Amino acid sequence: MTNNRSHTIVICMGSSCFARGNAENLNRIESFLALNGISAQVKLVGCGCARRCSEGPNIAIDGESFHHMDKEALLDLLNQKLK
């Protein structure tokens, strides 16, 4: 199911991103990893403010930044980048 490559996800935990959806996104990411059996292949890291508050919620996967991560956009991104 996966490409057996390790990945790093950085989720902005700044107050703006966290309030705008990253609190829920963190749970969604953890659930996605567990459901797909890839938790061991993905390092999940929180960071302070990513300094792009107006574009939040912000996350990065393998150094590439993504913005406006609502539920649908996040799930699409995870399927694209991690499967």
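At 31% relative accessibility, Thr8 counts as partly exposed, a label for anything between buried (under 20% relative accessible area) and exposed (over 50%), using a 1.4 Å probe and protein chains only. Thr8 belongs to strand E1; helices (H or I, at least four residues) and strands (E, at least two) are DSSP runs, numbered from the N terminus. Leaving aside neighbours within four places in sequence, Thr8 is in contact with Lys43, Val45, Ala60, Ile61 and Asp62, where contact means heavy atoms within 4.5 Å.

A word on the ground rules. This is a predicted model, in which local features need pLDDT of at least 70 and side-chain atom pairs count only at pLDDT 80 or more, while totals for chains, interfaces and linings use all residues. Residues are numbered from 1 along each chain as its sequence is written, and side-chain values use heavy atoms, with hydrogens and water left out.

**The overall layout**

The protein chain has 2 helices and 4 strands, and from the N terminus on they run β-α-β-β-β-α. The radius of gyration is 12 Å, close to the 12 Å that the globule rule gives for 83 residues, so the chain is as compact as a globular protein of that length. That radius is taken over C-alpha atoms, and the rule is 2.2 Å times the number of residues to the power 0.38. Along its principal axes, the C-alpha trace spans about 35 × 20 × 15 Å.

Buried residues make up 35% of the 83 in the protein chain. Among contacts with a separation of 6 or more, 67% come from residues 24 or more positions apart. The chain exposes about 4,700 Å², and carbon and sulfur atoms supply 49% of that; the areas come from the Shrake-Rupley method with a 1.4 Å probe, and for residues only the protein chains shown count as cover.

**Helix H1 and the core**

Now for H1, which takes in residues 15-35. Its 21 residues reach 28 Å from first C-alpha to last, close to the 30 Å expected at 1.5 Å a residue; the expected span is 1.5 Å times one less than the number of residues. H1 also bends by about 70° at Gly21, the bend being the angle between axes fitted to the seven residues ending there and the seven starting there.

The buried residues of H1 are Cys17, Gly21, Asn22, Asn25, Leu26, Ile29, Phe32 and Leu33. What covers them includes strands E1 (7-12), E2 (42-47) and E3 (59-61), along with helix H2 (71-82). So Gly21 is the site of the bend and also one of the buried residues.

Phe18 sits in H1 too, but it is partly exposed, with a relative accessible area of 35%. Not counting residues up to four places away in sequence, Phe18 touches Cys12, Met13 and Ala23.

In soluble globular proteins, nonpolar side chains tend to be buried together. Here the largest nonpolar core has 16 residues, of which Ile9, Ile29, Leu33, Ile59, Ile61, Leu78 and Leu82 touch the most other members. E1, H1, E3 and H2 are the elements that give two or more residues to this core. A nonpolar core is a set of buried Ala, Val, Leu, Ile, Met, Phe, Trp, Tyr and Cys residues joined through side-chain atoms within 4.5 Å. Leu33 touches Ile38, Ser39, Val42 and Leu82, again not counting residues up to four places away.

**After H1 and in the loops**

Just after H1, Gly37 takes a positive phi of about 65°. Asn36 lies in the loop between H1 and E2 and counts as buried at 14% relative accessibility. Most residues other than glycine have a negative phi, and most peptide bonds are trans. Asp62, in the loop between E3 and strand E4 (64-66), has a positive phi near 50° and is partly exposed, with a relative accessible area of 34%. His68, in the loop between E4 and H2, has a positive phi of about 55° and is partly exposed at 47%. The peptide bond from Gly56 to Pro57 is cis, with omega near 0°, and Pro57 is found in the loop between E2 and E3.

Here are some C-alpha to C-alpha separations.

| Pair | Apart in sequence | Apart in space |
|---|---|---|
| Thr8 and Ser54 | 46 residues | 23 Å |
| Asn36 and Leu75 | 39 residues | 12 Å |
| Phe18 and Cys49 | 31 residues | 9.6 Å |
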